[in-house]
Amino acid sequence: MSEHGTQPTGDQVNQVNQPGAPVSPHQGLEHRPAQQLDEVSGDGSGGIPERFSDPGLPPHVPRSADLDELAARRAERQVAALFSVSMVATVVFLVAYFVIDQGSYTFIPGIGLASLSNIVLGVSLGVSLLCIGLGAVHWAKTLMPDTDVTEERHPQRSSDEARSDAVETIVAGGSASQLGRRPLIKYTLAGALGLFAIPLLVQLTGSLGPLPRADLSNTFWRKGMRLMRDPEMTPIKASDVTVGSFYHVLPEGIDKSEHVLEEKAKAAVVLISLPPGAIQVPKERDWGVDGIVAYSKICTHVGCPVGLYEHRTHLLMCPCHQSTFDVTRDAEVLFGPAHRPLPQLKITVDAQGYLIAAAPFLQPVGPSFWERA
Amino acid sequence: MSPNSTPKGAAGLRADDVPLPERQKGAKALAGGLAGWVDDRTGTARPTSYLLKKVFPDHWSFMLGEIAMFSLVILLITGTFLTFWFVPSAGQVIYNGSYVPLKGIPMSEAFKSTVDISFDVRGGLIMRQIHHWAALLFTVSITVHMFRVFFTGAFRKPREINWVIGTILSLLAINEGFTGYSLPDDLLSGTGLRAAEGFIQSVPVLGSYMAYFLFGGAFPGEAIIPRLFTVHVLLLPALIIGLFTAHIVLVAVHKHTQYPGPGKTNDNVVGYPFMPVYLAKSGGFFFIVFGITTLMAALVTINPIWMYGPYDPTAGTAGSQPDWYMGFADGALRLFPGFTEFTVFGFTLSLNVFIPSLIVMPLLYSIAGAYPFIESWVTGDKREHHLLERPRNAPTRTGLGVMAISFYLILFIAAGDDLIAIKLGLSINQIVRTLQVMLIVVPPLAYWVTKRICMSLQRRDRDLVLHGHESGRIVRTAGGSFFEVHEPLPEHQRWSLVQHETPTPLQLTPRVDANGVERKSTRRERLRAKVSSFYFADSIQAVTPAELTAAHHDGSAREAIETGPDAREPGSGGPDWVGQLHGGADERPETDAYASHDEGADPASAP
């Protein structure tokens with residue numbers, strides 16, 4: 001019938017165990033598969049059983065509250081005290097809610113300056129909840145019965161009859177529907193059920209967003225745009241850039257654009273002035289102005305702003321995953337999970353001596369995607 | 001009134017009155033009152049009494065799942081509160097609330113409303129902080145509950161389905177957490193979303209399309225906050241509550257597992273009934289979990305978004321870490337080397353992002369979900385198991401579990417590599433390199449060490465059963481040697497150490513059977529035999545009664561030899577410590593400092 005040798009009869013059986021009543025080990029596991037999973041060494045011989053037998057539940061040890069009415073009453077008082085503390089804490093919460101000003105701060109040792117309202121409301125609510133819980137658990141542990149109760153288990157498997165009955169019902173229902181005899185219905189039903197979800201999927205995916213097209217490959221930068229300090233949005237004179245300085249830069253007019261955040265997410269640039277002779281790549285020198293070079297600030301790993309610059313080593317580092325770019329070698333990856341160098345923005349100076357873009361970015365900025373390159 | 005009726009007196013009129021039933025009390029009132037009214041219409045009396053009588057075993061480790069259940073309830077309560085004030089919109093506004101440092105700064109409505117909840121809604125901050133702490137507690141307790149179920153073998157038949165449901169719940173929970181902490185649109189969570197957009201872009205072929213569909217266009221866009229909101233408050237909670245219900249119904253159907261012990265068999269559940277004990281204990285525990293979460297929210301600030309400021313795609317801070325449960329994915333991203341990005345036929349395949357961000361998490365969860373089926377294939381065990389295994393009695397499984405945890409932990413530590421570098425003044429490069437090596441070296445090592453520790457503990461159990469406890473009682477024999485008497489374990493204590501089965505590896509049936517017919521074993525069978533031997537080849541067996549008898553016997557014999565013929569006259573029965581002299585001086589090698597030295601004994605003390 002099942003893997004279990006014994007079929008317990010009757011419904012749920014609840015009984016308080018007789019302590020010490022022997023129970024055979026692994027009841028119901030006598031019929032074992034052929035794998036001999038439980039084979040043990042040391043064959044029983046000379047009347048020694050092969051395995052130890054279950055001694056049954058240990059004798060119940062009464063608690064002090066079971067034996068001593070005074071102890072029980074003490075427990076009762078403790079539980080009641082906890083519930084009372086909870087009520088007091090609830091009242092404290094209600095008073096504090098109306099009395100304490102939302103904007104008042106107080107110094108709490110070990111915490112520092114903290115919102116008084118948050119601390120008083122939170123502590124009183126916490127104490128009121130906690131004491132209900134502690135009281136209930138203390139009550140259960142001291143006064144409620146602690147004798148072990150045993151409930152029988154039954155195998156999950158249904159009886160053979162029930163199983164075959166279920167199978168028969170399904171088979172009979174299937175044949176009563178004549179599904180097998182009428183292939184026309186079978187195939188058209190399969191077709192209809194197979195297709196009906198497609199319009200829903202098409203509606204959803206088709207309307208979620210626009211196609212990217214060339215959007216990921218273009219930024220706000222255009223030839224001739226001035227490099228502006230972020231966030232002041234003031235132009236930068238090449239002669240004002242001292243050696244070793246570092247600027248966060250945005251293109252001129254980006255703050256007036258229709259989608260400021262979206263444009264900033266692609267167009268952000270860092271401007272670095274390197275000491276003479278530091279630049280090791282001719283292209284990098286040519287695309288800059290007297291050792292002043294501009295690179296995309298958007299990490300080529302997953303797109304965080306590469307905002308940490310180490311002046312001494314000329315390294316740019318991404319705060320998210322620590323990709324490190326060497327600015328003296330065309331921002332190639334020195335360390336970390338990124339693969340591609342940061343794209344360089346070709347810059348020059350206009351008639352007034354301000355730094356401007358000599359060309360837009362010539363390759364997509366930011367994280368990699370399939371159709372870039 | 002008809003003319004031929006006889007008029008009656010008042011007493012006569014009342015003669016047929018049914019006397020008013022006496023006011024019912026206690027149990028009777030319950031049956032006749034509201035409960036009776038409900039049962040008349042629903043017939044719930046039987047299931048009610050069945051459930052109220054249901055027995056649950058008692059063990060602290062069974063509370064871990066309860067913590068998860070209760071923190072889910074806390075999340076639903078506080079989350080509902082938060083929706084009344086939170087505005088899921090990326091629309092830009094200028095802040096003019098009561099938090100002075102942010103005044104006049106442009107920000108999204110989502111961020112502004114979160115700051116308002118924190119500073120202008122009375123008690124709003126406490127609700128926000130309870131919600132965030134409960135989310136961390138939810139994910140922690142799910143994880144630790146999962147460890148408990150794994151290491152005790154509670155996932156074995158018939159509970160495989162519930163293990164799979166639990167695995168999915170755990171995956172949903174961490175994603176629910178991610179969508180939740182992304183909602184305030186602060187600088188930290190915005191940076192997280194920025195990275196998430198980068199992950200999606202890395203999907204081969206479809207990446208940029210998927211990113212544009214999800215964000216409704218270019219990052220960040222205005223669509224992602226409302227979409228995440230719907231996912232966070234509707235879609236994922238519905239899935240979580242549905243699967244959680246199935247999870248708990250299956251627990252009730254299977255009845256709870258129990259730890260082995262005297263009187264506890266595979267066919268019973270020993271514990272306390274739900275009514276009244278677990279109603280009080282579990283109900284009380286809900287309030288304890290809620291209370292402690294609230295105290296944490298009152299005393300420890302979490303996610304102070306007003307200090308991070310609103311999201312700006314050009315700003316970032318050092319020390320950007322996700323909430324703890326996303327740490328392993330972030331760590332994987334930091335450790336995965338950059339040279340795994342390729343350009344093939346003019347297309348970019350960014351495996352350095354795609355694998356750690358979008359493959360590692362589902363892969364780890366798939367392996368976890370598949371484990372019960374792998375193990376049951378290896379053991380060939382098709383029986384139901386309701387008795388838990390002590391982790392030491394399944395050394396290979398425990399070793400594999402610790403191996404997985406060590407892998408996870410190294411990824412988790414990697415997510416904080418920058419903080420470690422700053423706090424400890426170490427080089428970030430060296431930390432990353434070390435962690436990359438550790439990720440490959442440590443898990444197998446952790447497996448081996450854990451398995452050895454388990455086996456040592458099993459041997460320790462055997463030793464305890466065979467030789468008993470040291471009693472601290474020193475006995476001097478007639479010959480002048482000293483022994484510490486070992487007391488045998490009481491029967492009830494011993495049972496817990498000897499009750500478990502010892503699996504042996506599956507054997508391939510012989511190639512040539514009894515009739516000389518050759519039989520080919522399939523590749524599958526050979527693989528299975530190999531894995532089975534990996535699991536069980538060095539199993540340590542539980543002590544059998546025969547071994548215990550032999551041990552006592554052996555002890556007596558040695559004792560008889562070593563103490564000389566006078567000590568044990570045949571038939572005298574001997575002293576009461578006979579057969580218990582183990583671990584004493586005489587059992588030690590001569591080189592041992594504590595070995596017995598009869599010649600050195602003070603002759604004056606001899607009897």
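## Weak spots in the model

Residues 556-574 of chain B have pLDDT under 50 throughout, and the model gives this stretch 17 contacts beyond four places in sequence. This is a predicted model. A second stretch of chain B, residues 595-607, also stays under 50, with 14 contacts beyond four places in sequence. Where pLDDT is low, the predicted coordinates should not be read in detail.

## Confidence overall

Chain B has a mean pLDDT of 88. In this chain, 86% of the residues reach 70 or more. Which helices mark the lowest and the highest confidence in chain B? The lowest is helix α21 (residues 545-563) of chain B, with a mean of 62. The highest is helix α5 (residues 63-83) of chain B, at 98. For the model, ipTM is 0.87 and pTM is 0.87.

## Where the chains meet

Chain B uses 114 residues to contact 105 residues of chain A. Helix α12 (residues 274-299) of chain B supplies the largest share of chain B's side, 18 residues. What kinds of residue make up the side of chain B that touches chain A? It has 53 nonpolar, 42 polar and 19 charged residues.

Strands also link the two chains. Strand β4 (residues 149-152) of chain A pairs with strand β4 (residues 268-273) of chain B. The pairing is antiparallel and runs over four bridges. A:V149 has B:G271 of β4(B) as its bridge partner.

## Two helices packed in chain B

Two packed helices are described by the angle between their axes and the distance between the axes. Helix α8 (residues 160-182) of chain B packs against helix α15 (residues 351-379) of chain B at about 170 degrees. Their axes are 9 Å apart. Angles over 145 degrees count as roughly antiparallel, so α8(B) is roughly antiparallel to α15(B).

Which residues make the contact? From α8(B) come B:E160, B:W163, B:V164, B:T167 and B:L171. From α15(B) come B:Y365, B:A368, B:G369, B:P372 and B:F373. By class, seven of these contact residues are nonpolar, two are polar and one is charged.

## Domains of chain B

The domain assignment gives chain B a domain 1, made of 125-308 + 323-387, and a domain 2, made of 468-510 + 521-605. In the contact between them, domain 1 of chain B gives seven residues and domain 2 of chain B gives 11 residues. On the side of domain 1 of chain B that touches domain 2 of chain B, four residues are nonpolar, three are polar and none are charged.

How values were computed: Residues numbered from 1 in each chain as written. Chains lettered and ligands numbered in written order. Predicted model: local features only at pLDDT ≥ 70, side-chain atom pairs only at ≥ 80, totals over all residues. Axes fitted to C-alpha atoms, helices over the stretch in contact; angles between N-to-C directions. Parallel < 35°, antiparallel > 145°, perpendicular 65-115°, else oblique. Contact = placed C-beta atoms within 7 Å. Nonpolar A, V, L, I, M, F, W, Y, C, P; charged D, E, K, R; others polar. Domains from an automatic or database assignment. pLDDT = per-residue confidence, 0-100. Pairing = 2+ DSSP bridges.
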